[in-house]
Amino acid sequence: IPAIPPAASHLRWSTAIVIAFAAVAGPTTGRIRAQDEPDLTTWAKVEGAAETRDYKEKIRAGGGIDAKSRAFLEQTALPQLALEGNRATIASLRKRLREFLLNDITEEKASDEANRIFLTFMEGLAAKDEEAAVVRINAMLLIGELQTSGSGGRKPWPGAVAPLATAAANTELPKEVRIAAAAGLSRQLDAAKANPEALGRIAKEIGPRL
């Protein structure tokens, strides 16, 4: 067997050491980066996060929905409804999202803007074929549960009427999602039944779509 030259032997050992170090250091470095990022895989962790406190403080002080608040809602808070880590408590989470993130908004314009963000996000979630049925249903139910704010008090948000009617009439949606939309319309009609003018407005929006 020919002898291995010292230089070649040294090169092989050096290569082996580099490979071994990379195998160990690579995953470790990844873990360190992950530890630096907040874990927002469940609603409980989001509710206690610093960015959530910033959002709450801003709206309690009367601040509107600025770009930072919008990004927080769209990228951090509202996606919680679809996360597997929240699946066992999704019905209570649906209620919590609305109450925790919207009820402190007292200015009507800011409330409408926040409701529109909720509406757009939840419409997209309810329309996703790849999402679990329970996620799509709860997204549509949440649209029907959006409320007004300000001097008029809390009542079903009028901005949800047309989207709910459109979803209820959409034969491409699963029946259970359409039923969830119909439940929201029922809530709107129940709240307006003592007000002929309000009933008339709702009928004009619902009628052509249904």
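Colleague: How many residues does helix H5 have?
Modeller: Happy to start there, with a predicted model in which local features need pLDDT of at least 70 and side-chain atom pairs count only at pLDDT 80 or more, while totals for chains, interfaces and linings use all residues. Residues are numbered from 1 along each chain as its sequence is written, and side-chain values use heavy atoms, leaving out hydrogens and water. Helices are DSSP runs of H or I with at least four residues, numbered from the N terminus. H5 reaches 18 Å from its first C-alpha to its last, close to the 18 Å expected at 1.5 Å a residue (1.5 Å times one less than the number of residues), and it spans residues 90-102, which gives 13 residues.

Colleague: Which residues of H5 are buried?
Modeller: Buried means under 20% relative accessible area, with a 1.4 Å probe and protein chains only; over 50% is exposed, and in between is partly exposed. What covers the buried residues of H5 includes helices H2 (43-47), H3 (50-60), H4 (67-77), H6 (108-127) and H7 (133-144). The buried ones are Ile90, Leu93, Arg94, Leu97, Arg98, Phe100, Leu101 and Leu102.

Colleague: Are H5 and H6 roughly parallel or roughly antiparallel to each other?
Modeller: Axes are lines fitted to C-alpha atoms, for helices over the stretch in contact, and angles run from 0 to 180 degrees between N-to-C directions. H5 and H6 pack at about 155 degrees, with their axes 11 Å apart. Angles under 35 degrees count as roughly parallel, over 145 as roughly antiparallel, 65 to 115 as roughly perpendicular and the rest as oblique. So H5 and H6 are roughly antiparallel.

Colleague: Which residues of H6 make the contact with H5?
Modeller: Contact means heavy atoms within 4.5 Å. From H5, the contact uses Leu97, Arg98, Leu101 and Leu102. On the H6 side are Ala114, Asn115 and Phe118.

Colleague: Is phenylalanine 72 buried or exposed?
Modeller: Phenylalanine 72 is found in helix H4. Leaving aside neighbours within four places in sequence, phenylalanine 72 is in contact with Glu51, Thr52, Tyr55, Ala77 and Leu101. At 4% relative accessibility, phenylalanine 72 counts as buried.

Colleague: How far apart in space are phenylalanine 72 and aspartate 54?
Modeller: In sequence, phenylalanine 72 and aspartate 54 are 18 residues apart. From C-alpha to C-alpha, the distance between them is 9.8 Å.

Colleague: Are H8 and H10 roughly parallel or roughly antiparallel to each other?
Modeller: The axes of H8 (residues 161-169) and H10 (residues 196-209) come within 9 Å. They cross at roughly 25 degrees. H8 and H10 are therefore roughly parallel.

How values were computed
Helix = DSSP H or I, 4+ residues; strand = E, 2+ residues; numbered from the N terminus.
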